[in-house]
Amino acid sequence: QVQVVESGGGLVQAGGSLRLSCVASGSILSINAMGWYRQAPGKQRELVAALTTGGSPNYADSVKGRFTISRDNAKNTVYLQMNSLKPEDTAVYYCKITAQPMGLPIRYDYWGQGTQVTVSS
């Protein structure tokens, strides 16, 4: 069983910053990728930023230069530093972990419950 829990969302004014955190816990053998997605009302869920083990970060064009993804492998934690926030960044932000659980030969995607980010103008 693998659990994914996000934290750090909230209400911020345009131009402000927030830092999201996501912790994966449970019977994890290895983590291949960690990433952040978001879903605004009436829109599809979209990739914000992702980081594979040993790879370079991948960002949506809309957040390049403003958001930074990082991870702490020892803590099975991924962060999303969001600067220069805009009202259009308002969404529920979800963390996705691609991991191989102990005792199984393949990887699965695990999602967190989401954390609300609201940017006021």
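Cys95 is located in strand E9. In this predicted model, Cys95 is buried, with a relative accessible area of 0%. The C-alpha atoms of Cys95 and Tyr37 are separated by 6.3 Å, although the two residues are 58 residues apart along the chain. The chain as a whole has 11 strands and 0 helices.

**Overall build**

- Read along the sequence, the elements follow the pattern β-β-β-β-β-β-β-β-β-β-β.
- The chain has a radius of gyration of 14 Å, close to the 14 Å that the globule rule gives for 121 residues, so it is as compact as a globular protein of that length.
- The C-alpha trace spans about 50 × 25 × 25 Å along its principal axes.
- Of the 121 residues in the chain, 43% are buried.

**The sheet E1-E3-E8-E7**

- An open sheet is formed by 4 strands in the order E1-E3-E8-E7, with antiparallel pairing.
- Strands E1 and E7 stand at the edges, and each has a single partner strand, so one side of each is left without a neighbour in the sheet.
- From one strand to the next, the twist averages 15 degrees.
- Strand E1 (residues 2-7) pairs with strand E3 (residues 18-26) in the antiparallel sense, over 6 bridges. In this pairing, Glu6 stands opposite Cys22 in E3.
- Strands E3 and E8 run antiparallel and are joined by 6 bridges. Arg19 stands opposite Gln81 in E8.
- Strands E7 and E8 also run antiparallel, with 6 bridges between them. Thr68 has Gln81 in E8 as its bridge partner, and Arg71 stands opposite Val78 in E8.
- Gln81 therefore appears in two of these pairings, opposite Arg19 and as the bridge partner of Thr68.- E7 and E8 form a hairpin with 4 residues between them, and Asn76 in the turn has a positive phi of about 50 degrees.

**Burial along the strands**

- In E8, 5 of the 6 residues are buried, so this strand is largely enclosed by the rest of the structure.
- The side chains of E1 alternate along the strand. Val2, Val4 and Glu6 point to one face and are buried, while Gln3, Val5 and Ser7 point to the other face and are not buried.

**Salt bridges**

- Side chains of opposite charge can pair when their charged atoms come close.
- The structure holds 5 salt bridges. Three of them are described here, beginning with Arg38 and Glu46.
- Arg38 and Glu46 form a salt bridge in which the closest N and O atoms are 2.8 Å apart. Arg38 counts as buried, at 5% relative accessibility, whereas Glu46 is partly exposed, with a relative accessible area of 36%.
- Asp89 and Arg66 form a salt bridge, with 2.8 Å between the closest N and O atoms. Asp89 lies in the loop between strand E8 (77-82) and strand E9 (91-101), and Arg66 in the loop between strand E6 (58-59) and strand E7 (67-72), so the pair ties together parts that are 23 residues apart in sequence. Both Asp89 and Arg66 are buried.
- Asp109 and Lys96 meet through their side chains in a salt bridge of 3.8 Å, N to O. This pair links distant parts of the chain, with Asp109 in strand E10 (residues 108-111) and Lys96 in strand E9, 13 residues apart.
- Asp109 counts as partly exposed at 44% relative accessibility, while Lys96 is buried, with a relative accessible area of 17%.
- Arg38, Glu46, Arg66 and Asp89 are joined into one network by salt bridges that share partners.

**Nonpolar surface patch**

- A nonpolar patch on the surface is formed by Leu104, Ile106 and Tyr108, which together have about 260 Å² of accessible area.
- Tyr108 is placed in strand E10. At 36% relative accessibility, Tyr108 counts as partly exposed.

Note on methods:
Residues numbered from 1 in each chain as written. Predicted model: local features only at pLDDT ≥ 70, side-chain atom pairs only at ≥ 80, totals over all residues. Heavy atoms only, no water. Salt bridge = Lys/Arg side-chain N within 4 Å of Asp/Glu carboxyl O. Buried < 20%, exposed > 50% of the residue type's maximum accessible area, 1.4 Å probe, protein only. Helix = DSSP H or I, 4+ residues; strand = E, 2+ residues; numbered from the N terminus. Pairing = 2+ DSSP bridges. Patch = residues over 30% accessible without salt bridge, like charges linked within 9 Å, V, L, I, M, F, W, Y side chains within 5 Å. Areas by Shrake-Rupley, 256 points an atom, 1.4 Å probe, with all protein chains shown as cover. Axes fitted to C-alpha atoms, helices over the stretch in contact; angles between N-to-C directions. Rg over C-alpha atoms; globule rule 2.2 N^0.38 Å.
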